[in-house]
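Reader: I should like a close examination of how the helices in this part of the model pack against one another. Please treat each pair in turn, and then the core and the loops that belong with them.

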Amino acid sequence: MALYRGVRGRTGHPVIQRASKALSFAGEHGGVFLATGLVGAAVDKDRRAQWLRATATIATAHAASMALKRVVRRPRPAFEDMLPLVRTAGRHSFPSSHSVSAAASVVAFRGLVPARVTVPTAVAMGFSRLVVGVHYPTDVIGGAAMGAAAAHLGRSWSKRASSVPKGI
């Protein structure tokens with residue numbers, strides 16, 4: 001609780017809040033990450049299959065996070081003195097699906113998008129969810145762990161699937 005309040009209390013600058021709102025909007029339902037994968041598949045014909053597998057991995061991780069939210073049913077932060085800065089698609093908090101998709105993109109896009117782009121983007125996405133006041137730190141950390149783990153599983157699956165000779 002202290003970390004949540006500390007972040008909210010120190011990130012009131014309008015530029016930080018606008019950037020966090022923009023990131024929250026872009027990350028809704030994994031949108032920015034799914035769009036990146038689809039654009040990559042469209043323009044990088046030589047690696048189209050890799051892009052599509054990465055995109056499917058991110059989409060699957062996101063869907064799994066939505067299912068887990070329905071099981072855990074943790075309410076979002078609700079403090080009268082710290083109202084959220086954005087609306088949310090749902091009322092459950094754990095895990096942060098934005099963080100799941102962001103962390104999954106770091107792993108899934110490995111070799112396609114430089115880590116110097118994916119890692120800071122994922123960190124900023126997770127932090128933005130604290131700034132806008134719709135997640136607790138454990139939601140973001142748990143979401144990032146889930147996203148990375150799901151994408152690792154997806155990468156190992158897609159590597160096995162891509163190594164099977166055609167016709168089998």
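Author: α5 and α6 are roughly antiparallel to each other, because their axes cross at roughly 175° and angles over 145 degrees fall into that class. The model is a predicted one, and everything below is to be read as a description of that prediction. In this pair the axes come within 9 Å. On the side of α5 the contact is made by H98, S99, A102, A103, S105 and V106, and on the side of α6 by T118, V119, A122, M125, G126 and R129. By class, this contact holds 6 nonpolar, 5 polar and 1 charged residues.

α5 also meets α4. The axes of α4 and α5 come within 9 Å, and they cross at roughly 155°. That makes α4 roughly antiparallel to α5. The crossing of these two helices is right-handed. From α4 the residues in contact are A54, T57, I58, A61, H62, S65, M66 and K69, and α5 answers with S97, V100, S101, A104, S105 and A108. Here the residues divide into 7 nonpolar, 6 polar and 1 charged. S105 takes part in this contact with α4, and S105 is also one of the residues that α5 brings to its contact with α6.

The third pair is α3 with α4. Helix α3 covers residues 31–43 and helix α4 covers residues 48–72; they pack at an angle of about 165°, with their axes 8 Å apart. α3 and α4 are therefore roughly antiparallel to each other. In this case the crossing is left-handed, whereas that of α4 and α5 is right-handed. The contact draws on F33, L34, T36, G37, L38, G40, A41 and A42 of α3, together with R48, W51, L52, T55, I58 and A59 of α4. Its residues comprise 9 nonpolar, 4 polar and 1 charged. I58 belongs to this contact with α3, and I58 also belongs to the contact of α4 with α5.

These pairings lead to the nonpolar core. In soluble globular proteins, nonpolar side chains tend to be buried together. The largest nonpolar core of this model has 17 residues, of which W51, I58, F109 and L112 touch the most other members. The elements giving two or more residues to this core are α3, α4, α5 (97–108) and α6 (115–131). α5 makes the greatest contribution, with 5 residues. Two of the four residues just named as touching the most other members, W51 and I58, are also in the contact of α4 with α3. For L112, the contacts can be given in detail: with residues up to four places away in sequence left out, L112 touches R47, Q50, W51 and A54. Among these, A54 is also part of the contact that α4 makes with α5.

The loop between α4 and α5 deserves separate attention. P95 lies in this loop and is joined to F94 by a cis peptide bond, with omega about -5°. R73 is placed in the same loop as P95, between α4 and α5, and has a phi near 60°, a positive value in a residue other than glycine. Most residues other than glycine have a negative phi, and most peptide bonds are trans. R73 is partly exposed, with a relative accessible area of 47%.

V86 is placed in the loop between α4 and α5 as well. At 19% relative accessibility, V86 counts as buried, because the limit for that class is under 20%. Apart from neighbours within four places in sequence, V86 is in contact with K21, R129, V132 and V134. R129 is thus touched by V86 and is also one of the residues of α6 in contact with α5. The C-alpha atoms of V86 and R8 are separated by 13 Å, although these residues are 78 residues apart along the chain.

Two further residues complete the account. H29 is found in the loop between α2 (14–26) and α3; its phi is near 55°, which is again positive in a residue other than glycine. H29 is partly exposed, with a relative accessible area of 42%. A115, by contrast, has its place in helix α6, and at 48% relative accessibility A115 counts as partly exposed. The C-alpha atoms of A115 and S96, 19 residues apart along the chain, are separated by 21 Å.

Note on methods: Residues are numbered from 1 along each chain as its sequence is written. This is a predicted model: local features need pLDDT of at least 70, side-chain atom pairs count only at pLDDT 80 or more; totals for chains, interfaces and linings use all residues. Side-chain values use heavy atoms; hydrogens and water are left out. Axes are lines fitted to C-alpha atoms, for helices over the stretch in contact, and angles run from 0 to 180 degrees between N-to-C directions. Helices (H or I, at least four residues) and strands (E, at least two) are DSSP runs, numbered from the N terminus. Angles under 35 degrees count as roughly parallel, over 145 as roughly antiparallel, 65 to 115 as roughly perpendicular and the rest as oblique. A crossing is left-handed if the near helix is turned anticlockwise from the far one by less than a right angle, and right-handed if clockwise. Contact means heavy atoms within 4.5 Å. Ala, Val, Leu, Ile, Met, Phe, Trp, Tyr, Cys and Pro count as nonpolar, Asp, Glu, Lys and Arg as charged, and the others, Gly among them, as polar. A nonpolar core is a set of buried Ala, Val, Leu, Ile, Met, Phe, Trp, Tyr and Cys residues joined through side-chain atoms within 4.5 Å. Buried means under 20% relative accessible area, exposed over 50%, partly exposed in between (1.4 Å probe, protein chains only).
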